[in-house]
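New to this one? Take a look at the sequence and the model below, then read on for a quick tour.

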Amino acid sequence: MSEIEKLRMMIAEDENHIRMMLKSIAGELDAEVVAEASNGREAVDLFRLLKPQVTLMDINMPVLSGLDALEKIKETNPNACVIMLTSVADLESVRRAVKLGASNYILKGTPVDEMGQMISETWSEHQNAFEG
């Protein structure tokens, strides 16, 4: 990624305090938050409209679950980089997220600096996987 182009990120999270924390992490990564969604339906619509490079998505959201939203986003763009967020290490949800094509998952209790590092590393790995 060039110095000029900022990473374009969408945050899909129904809890405002978590959304604010994720925006802060995005700022630390010098990423531009191009959209915020508070439910899965909004996330899918905003993804289709704005095409963010990275989407941070809560697994448990109203209207349409994060997993269902992930599935619809991957139908729209199979190469989408979607990182799922979860408050509990529910192995079944994590397995389903990976099967649906999530690029990674992060526990919400992860320290903020580690979250930032995981997001950055996931984006780098995603770019390498889809280059050429």
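**Helix 3 and its surroundings**

What covers the buried residues of helix 3 includes helix 2 (40–50), strand 3 (54–58), strand 4 (81–86) and helix 4 (91–100). Keep in mind that this is a predicted model. Here's how the pieces fit around that helix.

**The buried face**
- Helix 3 spans residues 66–76, and its buried residues are Gly66, Leu67, Ala69, Leu70, Ile73 and Lys74.
- Looking down the axis of helix 3, you'd find those buried residues within an arc of 155°, so they line one face of the helix.

**The nonpolar cores**
- The largest nonpolar core counts 21 residues, and Met57, Leu70, Ile73, Val82 and Met84 have the most contacts inside it.
- Two or more residues of this core come from each of strand 1 (8–12), strand 2 (32–37), helix 2, helix 3, strand 4 and helix 4.
- Helix 3 chips in the largest share of this core, with four residues.
- Zooming in on Leu70, and skipping its neighbours within four places in sequence, you'll see it in contact with Met57, Val82, Met84, Ala97, Leu100 and Ala102.
- Apart from the largest core there's another one, of 17 residues, including Met9, Ala31, Cys81 and Ile106.

**Helix 2 against helix 3**
- These two helices, 2 and 3, pack at an angle of about 15°, with their axes 9 Å apart.
- An angle under 35 degrees counts as roughly parallel, so that's how helix 2 and helix 3 run relative to each other.
- The crossing of helix 2 and helix 3 is right-handed.
- On the helix 2 side, the contact is made by Gly40, Arg41, Ala43, Val44, Phe47 and Arg48, while helix 3 brings Ala69, Lys72, Ile73 and Thr76.

Conventions. Residues numbered from 1 in each chain as written. Predicted model: local features only at pLDDT ≥ 70, side-chain atom pairs only at ≥ 80, totals over all residues. Heavy atoms only, no water. Buried < 20%, exposed > 50% of the residue type's maximum accessible area, 1.4 Å probe, protein only. Arc of directions from axis to C-beta. Contact = heavy atoms within 4.5 Å. Core = buried A, V, L, I, M, F, W, Y, C linked by side-chain atoms within 4.5 Å. Axes fitted to C-alpha atoms, helices over the stretch in contact; angles between N-to-C directions. Parallel < 35°, antiparallel > 145°, perpendicular 65-115°, else oblique. Left-handed = near helix turned anticlockwise from the far one by under 90°.
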